[in-house]
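Please look over the sequence and the model shown below before reading on. The report that follows is meant to be read beside them.

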Amino acid sequence: MSPSLHSTLDVLDVIIIGSGIGGLVTATQLAAKGAEVLVLERYLIPGGSSGYFERQGYKFDVGASMIFGFGAQGTTNLLTRALNTVKVSQETIIDPVQVHYHLPNKLDLKVERVYEKFLQNLIAYFPHEEAGIRRFYDECWKVFHCLNSIELLSLEERGYLLRTFLQHPLACLGLVKYLPQNVGDVARRYIKDQELLKFIDIECYSWSVVSADLTPMINAGMVFSDRHYGGVNYPKGGVGTIAQKLVEGLEKAGGKIQYQARVTKILTEQGKAVGVQLANGKVYRGKRIVSNATQWDTFTKLLPGDKIPNNEKKWQQSYKKSPSFLSLHMGVEAAVLPDGTECHHIILEDWQQMTAPGGTLFVSIPTLLDPDLAPKGYHIIHAFTPDWIDNWQGLSASEYEAKKEAAAGEVIDRLEKIFPGLDAGLDYLEVGTPRTHQRFLGREDGTYGPIPRRKLRGLLGMPFNRTAIPGLYCVGDSTFPGQGLNAVAFSGFACAHRIAIDLGF
Ligand SMILES: Cc1cc2nc3c(=O)[nH]c(=O)nc-3n(C[C@H](O)[C@H](O)[C@H](O)COP(=O)(O)OP(=O)(O)OC[C@H]3O[C@@H](n4cnc5c(N)ncnc54)[C@H](O)[C@@H]3O)c2cc1C
């Protein structure tokens, strides 16, 4: 029987499916404006890919740990701003080096927080390209300065666009110029050295999971500059505290959140989204429905197949799911880490393998910044590498365990080269596969998010928050401007802004 929507049920202003950072920023912004907001989260805690789990005295970040958006000034510090809106704050710890690269041909390089130091490190490897290096990264700063001078809200709102254009015409024209551009084209304008271009590729790949040719210039402008401006700052208490603080602020502002509340259907009437149904059959009605699930989960699972709008089908012809990850969450004896070890590392032995499953290895050691996340005398190492869910399907329980053990062994062997004695110093190990990511993060195939199928025109193809279904909005990394906590916070600000206008707040 199809669920009946009783007129006696209260109609909330906004129902948000999912409490990732995108969903929570939307929720808090709207609650702060006085909207009646309900967040429905399928899991036990908020945060999604920026959540955490605890084992034997260790507090592990499930995913994100290189956090942008906690700067003190400008307009691009969206996490700081989101928390401020609902009168909560987050202590953060400065990370002096964004990442330490361990790359082929002994390219061993630290991206220092101080811009000039980073440039000097890179120029030391490519002295013949000094001018090109400076011109390329300076061009990224141009993008950043444009973004950082305007209030980042909904590009779907004409009044805001007009106001912003009148106040900051040059910044707006700059952004219009960069919107359709990709990093690869800009980099090749200034840089000829093939090895250096490969470095630019991995600079992009490390957060966009595609090469420079497929990475939008707008996103690169943000990441390559903000790491030296607002910097990378780790939240004291672990990444999971960001979502917890947002929930605290949401509730202070009068909003509500329910956990273990899995939405199974977005309900429509005469083509308009009017409510949601939970797995337990409960129905909620809302004037506006927001999905923080991925595009694939929203349009193929929460809506019946015949309701997928044509523009979403078309979008899937341009974008596909990125791979998920194989993740090792380790507790290790502190003696394993040499003095001066940085928090984030990227390891690649062969450029040909950069985008291959098991190719690039990402490493985070958050206890170097916040020792309280592990028992005294121990550190957390989170090592992860892209992998497809298909590699992990159709296995018996024992085959699955054996494959996990073998894959973990390979990762540990690679880490041993940088941290000798790691294997012997292991105190705790938990291995997550793409299946784990799918199950616990509620993301189809455990995907990290959408990536272009081919070279597209920069960010122009990424959808904004409104969908072709009236009353239904999307927020999070399937929407403009893509993956990363600060990026989904941007999407949350934009979504809340658009809904606030639509509801007259
Ligand atoms: C291993 C890894 C490392 C990363 N590293 C970084 C990093 O260092 N820095 C960085 O900035 N970013 C990083 N990211 C990316 C970043 O974590 C994500 O882009 C971001 O957290 C996504 O936020 P979101 O709001 O789109 O949604 P998500 O985090 O996916 O949250 C969506 C929420 O919706 C819930 N949900 C889904 N479907 C339903 C349903 N039907 N009913 C109810 N609830 C539902 C989910 O349970 C989840 O809580 C990393 C990601 C991973 C996986």
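The text below takes up confidence, the ligand shell, a run of paired strands and some backbone features.

This is a predicted model, in which local features need pLDDT of at least 70 and side-chain atom pairs count only at pLDDT 80 or more, while totals for chains, interfaces and linings use all residues. Residues are numbered from 1 along each chain as its sequence is written.

The protein chain averages a pLDDT (the predictor's confidence in each residue, from 0 to 100) of 96, and 98% of the residues score at least 70. Over residues 1–8, however, pLDDT stays under 50, and for this segment the model has eight contacts beyond four places in sequence, a contact being two residues whose C-beta atoms, placed from the backbone, lie within 7 Å.

The ligand is surrounded by 38 residues, of which G18, G20, G48, G63 and G476 come nearest; a residue is near a molecule or strand if its C-beta atom, placed from the backbone, lies within 6 Å of it. The shell divides into 15 nonpolar, 17 polar and six charged residues, where Ala, Val, Leu, Ile, Met, Phe, Trp, Tyr, Cys and Pro count as nonpolar, Asp, Glu, Lys and Arg as charged, and the others, Gly among them, as polar. At least two residues of the shell come from each of α1 (21–32), β14 (324–333) and α15 (485–503), and α1 gives the most, with three residues. Helices (H or I, at least four residues) and strands (E, at least two) are DSSP runs, numbered from the N terminus.

Strand β11 (residues 272–278) pairs in the antiparallel sense with β10 (residues 263–269) over six bridges, and with β12 (residues 283–291) over three bridges; two strands pair if DSSP finds at least two bridges between them. The two hairpins are set out here.

| Hairpin | Residues between the strands | Turn residue and phi |
|---|---|---|
| β10 and β11 | two residues | Q270, about 45° |
| β11 and β12 | four residues | G281, about 95° |

Within these pairings, K265 stands opposite Q277 in β11, and V276 has Y284 in β12 as its bridge partner.

Some backbone features lie in loops. A cis peptide bond with omega of about 5° joins F480 and P481, and P481 lies in the loop between β20 (472–474) and α15. N105, although not a glycine, has a positive phi of about 55°; N105 is exposed, with 10 other C-beta atoms within 10 Å. D445, also a residue other than glycine, has a positive phi near 60°, and with 20 C-beta neighbours inside 10 Å D445 counts as buried. A residue is buried if 20 or more other C-beta atoms, placed from the backbone, lie within 10 Å of its own, exposed if 12 or fewer, and partly exposed in between.
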